[in-house]
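I opened this model to look up its internal cavities, then a surface patch and one side chain. My entries follow in the order I made them.

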Amino acid sequence: IAWIGSSFYFVWLDNHLLPPERPDGETGVAGELWAVHGGGFYRARKYAVAPQVLPRTLHWFYWEAYSTWITGMVLLCALYFLQADAYLIDPSVLALSRPAAVGIALAFITGSWVVYDGLCRSALGRRPRALAVAVALLVAVLACGLCHVFGGRGAFIVYGACLGTIMVANVFFVIIPGQRELVRAKQEGRDPDPWPGLRGKQRSVHNTYFTLPVLFVMISNHYAMTWSGPGNWLVLLALSFAGASLRAWFVMRHKPEWRKSATASLPLIASLVTLALVAAALAPMSEPRAAVAAPDAARVQTIIEERCTPCHARRPTLAGFNAPPNGIVLESMDQLRAHLPEVRKQLALRAMPLGNLTHMTDAERTQLLLWAGTSPGAL
């Protein structure tokens with residue numbers, strides 16, 4: 001949150017800089033901004049390259065990014081890598097061993113940065129629109145590839161890890177080194193080269209467009225309807241496009257020249273239309289009943305004991321679980337009826353059993369859903 005907040009602030013600051021109203025004779029000032037906050041006035045200035053004399057105290061912004069990536073990778077390893085069978089691998093998508101799944105995920109995370117950085121350093125780096133198309137294609141390949149290798153839940157998170165790694169690597173390898181070179185040139189009495197700063201700004205702009213897609217995948221675990229279906233990679237791409245478009249609108253509306261433009265609202269419209277289409281596509285639809293008879297209570301109890309109780313028990317028997325998920329215990333029919341709305345939802349979204357570790361069949365899932373729809377507890 002600290003990283004994204006500072007990122008948003010500096011993009012906003014850049015887009016609101018105006019020529020100084022009362023020049024004080026200092027050269028090299030590209031623009032300034034006056035603001036009021038916390039009971040006082042602030043005057044922020046940006047120099048075209050660097051000030052004539054460096055101040056004694058110079059503040060840097062990078063630990064917000066580094067701490068985000070470090071803690072994120074710890075969580076990724078602790079949950080999705082160490083428990084890959086439950087959170088990352090889906091045999092119905094691709095049968096993988098745990099080492100293979102972790103290795104592929106790390107290859108995606110590392111490779112995404114290598115390819116992205118190569119695109120930015122190529123001739124495309126001086127052609128912003130062509131570079132934007134190339135990066136968009138890279139993102140599309142990541143989304144499609146990951147969703148055809150891992151289960152939806154894991155694919156979305158690894159996709160977010162890829163974008164987050166690109167963002168942090170931009171800070172570590174490009175933005176901060178460029179800023180250090182500017183400072184070093186001033187300290188050594190050399191004329192600073194403006195290119196490192198320009199390249200850093202380019203990467204900073206890319207980062208700001210990645211922020212909303214990354215924020216979505218961080219919480220996507222709670223929205224199984226987005227990742228549990230067969231076209232989950234299209235949903236992921238659509239929501240990424242909507243997030244980037246919404247961010248583009250915020251960036252554009254802060255620029256004075258765009259505020260009265262007839263096209264300034266196009267990114268907002270594109271974002272809202274995309275979100276509406278995704279919502280329509282994911283909306284529950286009434287489907288004809290499957291040609292499967294509703295099971296009796298004894299059959300339901302057997303399915304629950306074999307497929308659900310290994311996790312949802314006071315003392316789970318499935319390896320890796322020391323407590324029932326969300327505290328829900330399903331050891332009796334009365335407990336099942338008490339949690340029937342949640343059970344029905346998780347079954348319909350195919351979010352449970354987690355990673356289908358207990359190998360529930362489609363026929364069993366259909367039987368449980370039929371029973372849940374006819375049970376008095378569902379009313």
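**Cavities**

I began with the lining of the largest cavity, where H13 supplies the largest share, four residues. The model is a predicted one, and I read everything below in that light.

How many cavities of 30 Å³ or more does a search of the whole structure find? I noted two. For the largest, I wrote down a volume of about 40 Å³.

Next I listed what lines the largest cavity: Val300, Ile304, Leu336, Leu340, Val343, Arg344, Leu347, Leu368, Trp371 and Ala372. I then sorted these residues by class and got nine nonpolar, no polar and one charged. Three helices each give at least two residues to this lining: H11 (297-307), H13 (340-348) and H14 (362-374).

I moved on to the second largest cavity, which holds about 30 Å³ of space. Its lining is made up of Gln301, Ile304, Glu305, Thr309, Leu330, Glu331, Ser332, Met333 and Leu336. Two elements contribute two or more residues here, H11 and helix H12 (333-338).

Which element gives the most to the lining of the second largest cavity? I found H11, with three residues. By class I recorded four nonpolar, three polar and two charged residues in this lining.

I also checked the two lists against each other. Ile304 and Leu336 appear in the lining of the largest cavity and again in that of the second largest.

**Surface patch**

I turned to the outside of the model. Trp63, Trp69, Ile70 and Val74 make a nonpolar surface patch of about 430 Å².

I picked Ile70 from this patch and located it in helix H2, which covers residues 63-81. Is Ile70 buried or partly exposed? Its relative accessible area is 44%, so I entered Ile70 as partly exposed. The patch rule asks for over 30% relative accessible area, and the 44% of Ile70 is over that cut-off.

**Phe156**

My last entry concerns Phe156, which I placed in helix H6, residues 152-187. Is Phe156 buried or exposed? I noted Phe156 as buried because its relative accessible area is 0%, and buried means under 20%.

I then looked up how Phe156 sits relative to Trp227. The two are 71 residues apart along the chain, and their C-alpha atoms are separated by 7.3 Å.

How values were computed: Residues numbered from 1 in each chain as written. Predicted model: local features only at pLDDT ≥ 70, side-chain atom pairs only at ≥ 80, totals over all residues. Heavy atoms only, no water. 1 Å grid on protein atoms, 1.4 Å probe; cavity = no way out; pocket = protein on both sides within 12 Å on 5 of 7 lines; lining within 4 Å. Points joined across faces, edges and corners; volume = space filled by probe spheres on them. Nonpolar A, V, L, I, M, F, W, Y, C, P; charged D, E, K, R; others polar. Patch = residues over 30% accessible without salt bridge, like charges linked within 9 Å, V, L, I, M, F, W, Y side chains within 5 Å. Areas by Shrake-Rupley, 256 points an atom, 1.4 Å probe, with all protein chains shown as cover. Salt bridge = Lys/Arg side-chain N within 4 Å of Asp/Glu carboxyl O. Buried < 20%, exposed > 50% of the residue type's maximum accessible area, 1.4 Å probe, protein only.
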